[in-house]
Amino acid sequence: MARISRRRPVRLVRRVGSIALGLMLSVAVVPAPGLAAPAPIPETTDDARRLPIPPVDRSNEPIVVMTGGTLIDGRGGAPIANAVVVTQGDRIIAAGPAGSVAVPVGAARIIDATGLFIMPGLIDLHIHFTQQRCHDFGKYSDSPAGAAIRGVALAEQLIGAGITAARDVGTVDDVALRIKEAVDRGIIRGPRVLWSGSIIATTGGHGDEVTSTATGRQKPAMGGPSKGFNGPWEWRTAVRRQVRGLADWVKLGAPADREEIVAAIEEAHSLGVPVAIDSYGQYTDWAIEAGVDTLEHPLAMSDQAVALMKRHGTAFVPTIGAFDNLLTGGYPTAGIPTGGFYHTHSRRFVIDQQEHLGKVAQAYRAGVPIGVGTDIPFENETRYPDAYFRELDYLSQAGMSNADVLASATRVGAQIMRMGDKLGTIEPGKIADILVLGANPLASLGNLRDVRYVLADGRLVVEQPPR
């Protein structure tokens, strides 16, 4: 089956058998500075940047059909037994009960999903494709080439587990961008990638430390020249550089002055780019009040942080598993010694896993959007995809129902990623990112491990033999 580019418009005009189907979804786009709000642009790139692109004719693209399975479409309704899902190229064109959705004549592939469960692809909102990994990472020097090799390996692990979209929130050079492009072009297998470039930090802040955040060891040559930015205008400049470098998101670190945080968020939003922050304490509160889009990690959150998140519409990506430790019966942490960030100036606080779970539970009860992120830079190849499913278990421990955990991993995750109109549910017009399982994930989240088929961008990339 020919690879379909992911840089596709939303507009659909295609013929299925003798039925002409016309569909258009309009996307609101932030106006360029100095211009009045334009009419919505109906056709854009399939990422958070939403660049206008010319129409694409999919009428001759191959059709893939799934029949007989139980459809959990991600929209919150009851599962649909004996469903039919039809895709053409990289888009879903029909989904529903067999009696209401016809199987098109001339389909390139018909997948019998009888006894299986069909759902949207999973989303990981906090990944680092390029970090050093595994127990022996300290033995080897690093380079962008080495980072790219590791990133390609992780991309393969993600897609094999049914994770069809991932947000990289800190990369080496432009490696994550090149992984994104390689997936788009069909050069490698992997999820759809949104990326945020390097973390924007103050001199000596998180992202510019001389010592490793995880181990406290000094970095070679004291970390090299500082990559920090200081003062509101330097933070605005850093944001502009990220946007110029084609970043889908901007990532901020703490500590920082309030004026710096406000300036960065304001600048990014003026350019139509969302912002994530890796923060703690008062810096988190300042970022929330300034309109940051996502808070990464539940680190040293203040008593008022959750209420602020609810008030300002901030989403939460808690990455609980990144900080589990031997005291709670989990993994040795992702390079972080049990109990805290030791010998690290930029993060002088302990890690309390029960407190983390409590903050997630509080946010859930308050109605804060919660997404799934793993953030496991050091043991990815031994922890993935298990770490993703353990993250879902932690959300359950925080009081979330199975249905709400699945929503966080699909529809809510897509909305947080600023891709809710294109991903996260199975319905006409959405991108064909689809996961087929051997058992019902609503009955047990562990059934998400039973992957049978994965469609990514309409292409069948995983096919397990019948069991």
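Is R217 buried, partly exposed or exposed? In this predicted model, R217 has a relative accessibility of 47% and therefore counts as partly exposed. The points below place R217 in the chain, and then describe a three-stranded sheet and the packing of helix α10.

**Residue R217**
- R217 belongs to the loop that lies between β10 and α3, the latter spanning residues 232-244.
- The class of R217 follows from its 47% relative accessibility, because partly exposed covers the range between buried, under 20%, and exposed, over 50%.
- In space, the C-alpha atoms of R217 and H343 are 8.0 Å apart, although 126 residues separate the two in sequence.

**The sheet β8-β9-β10**
- Three strands in the order β8-β9-β10 form an open sheet, and their pairing is parallel.
- The edge positions are held by β8 (122-127) and β10 (192-195); each has a single partner strand, so one side of each lacks a neighbour in the sheet.
- From one strand to the next, the twist averages 15°.
- Strand β9, residues 163-168, runs parallel to β10 and is joined to it by four bridges.
- A166 has V193 of β10 as its bridge partner.

**Helix α10 and its surroundings**
- Helix α10 comprises residues 402-409, and its buried residues include V405, L406, A407, S408 and A409.
- The buried residues of α10 pack against two strands, β7 (117-120) and β8.
- They also pack against the helices α9 (386-397) and α11 (411-416).
- Strand β8 thus links two topics: β8 is an edge strand of the sheet, and the buried residues of α10 pack against β8.

Conventions:
Residues numbered from 1 in each chain as written. Predicted model: local features only at pLDDT ≥ 70, side-chain atom pairs only at ≥ 80, totals over all residues. Heavy atoms only, no water. Pairing = 2+ DSSP bridges. Axes fitted to C-alpha atoms, helices over the stretch in contact; angles between N-to-C directions. Buried < 20%, exposed > 50% of the residue type's maximum accessible area, 1.4 Å probe, protein only. Contact = heavy atoms within 4.5 Å.
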